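Work through the exercises below with the coordinates open, and try each task before reading its solution.

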Amino acid sequence: MIRKKIIKYLILSSCIALGIVWVGTYKDSITSQTAPRSYQEIIESGVLRAVTEYNAVSYHIEDDTIQGFDYELLQHFAESRKLKLEVTPVMSIQKRMKGIQSGEYDLLAAGTAITAQLKDSLLFTHPLLFGKQVLVQRISQKPEDSLLYVKNQLDLAHKKLHVPQHSPALLRLHHLMEEIADTIYIEEVKDYGSEQLIAMVDGGDIDYTVCDESIAKAALTNFPKLDIHTDIGFTQLYAWGTNKQSVSLRDTLNIWLKKYSQTKKYKKLYHKYYH
């Protein structure tokens with residue numbers, strides 16, 4: 001069973017790497033962009049292009065239906081502006097950022113931690129939620145697991161952590177090394193998202209990964225023998241992002257988000273994924 005779960009996530013990662021999943025009616029091809037489209041150009045085209053991450057919180061397929069907090073919220077925004085929606089799930093953080101910076105996508109619609117470093121590359125919307133980075137490890141059940149079990153941040157000294165390449169957790173982990181005055185070995189994994197690494201922890205292929213708490217909590221449904229109780233960082237704000245030049249799109253999103261977040265529909269959607 002465990003092996004099947006891991007294979008499922010690895011197959012999913014490979015499929016996303018090989019092809020693009022599109023949602024809604026759209027053009028057959030997209031010409032290479034060198035600059036972001038203005039909000040007026042988006043309205044005139046009738047299409048909003050967004051990039052997200054395939055995971056249990058942002059965007060996923062269940063019973064042949066696309067679900068996810070970011071996807072469903074994005075749908076409501078597109079409908080309010082009478083826009084058709086194109087959503088591309090991309091596992092690589094770096095590729096998502098490049099797509100926004102090149103103008104290939106209009107919007108990064110995945111909860112992204114607001115950091116000083118990312119503010120240099122993105123215009124963030126108003127915060128959508130709070131979150132933090134947590135350590136994912138196996139619950140100690142065997143003698144060898146008990147030796148690996150991390151009870152607090154000090155226990156991370158000389159441990160090897162696997163994280164997605166260019167993960168926002170990297171900056172926090174480097175700060176943590178300074179705080180504990182010891183070395184933490186970090187291996188960045190290309191083209192794998194947090195859920196794939198969580199599956200590998202569960203299967204014993206790796207011992208630890210670090211990811212957003214919301215993704216870790218959602219993964220416990222499939223992997224109940226994992227422990228996510230060790231915090232890696234402080235609570236952070238998470239938001240969507242646009243190209244630095246896309247001020248009108250960001251401002252339009254902010255106005256809509258402020259109003260929509262007060263509705264019963266939004267509260268129901270929020271509690272569906274964050275409870």
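The exercises that follow concern a predicted model, and each one ends in a worked solution.

**Exercise 1.** Determine in which sense β9 and β10 pair, and which unit they make with α7.

*Solution.* Begin with strand β9, residues 160-164, of which four of the five residues are buried. Next, follow its pairing with strand β10, residues 185-189, which runs in the parallel sense over five bridges; within this pairing, H162 stands opposite E187 in β10. Finally, add helix α7, residues 169-180: β9, α7 and β10 together make a right-handed β-α-β unit.

**Exercise 2.** Check whether the length of α3 agrees with the span expected at 1.5 Å a residue.

*Solution.* The expected span is 1.5 Å times one less than the number of residues. For the 12 residues of α3 this should give 16 Å, and because the end C-alpha atoms are 17 Å apart, the two values agree. After the helix comes K82, whose phi is positive, near 55 degrees.

**Exercise 3.** Identify which helix gives the most to the largest nonpolar core, and describe the surroundings of F69.

*Solution.* The largest nonpolar core has 49 residues, and F69, L73, L74, V136, I198 and W240 are those with the most contacts inside it. Helix α3, residues 69-80, gives the most to this core, with six residues. The buried residues of α3 include F69, L73, L74 and F77, but also D70 and E72. Leaving out residues up to four places away in sequence, F69 touches V57, S58, L129, Y266, L269, Y270, Y273 and Y274. Apart from this core lies another, of 16 residues, among them A169, L170, L176 and I180.

Methods: Residues numbered from 1 in each chain as written. Predicted model: local features only at pLDDT ≥ 70, side-chain atom pairs only at ≥ 80, totals over all residues. Heavy atoms only, no water. Buried < 20%, exposed > 50% of the residue type's maximum accessible area, 1.4 Å probe, protein only. Helix = DSSP H or I, 4+ residues; strand = E, 2+ residues; numbered from the N terminus. Pairing = 2+ DSSP bridges. Right-handed = clockwise from strand over helix to strand, strands pointing away. Core = buried A, V, L, I, M, F, W, Y, C linked by side-chain atoms within 4.5 Å. Contact = heavy atoms within 4.5 Å.
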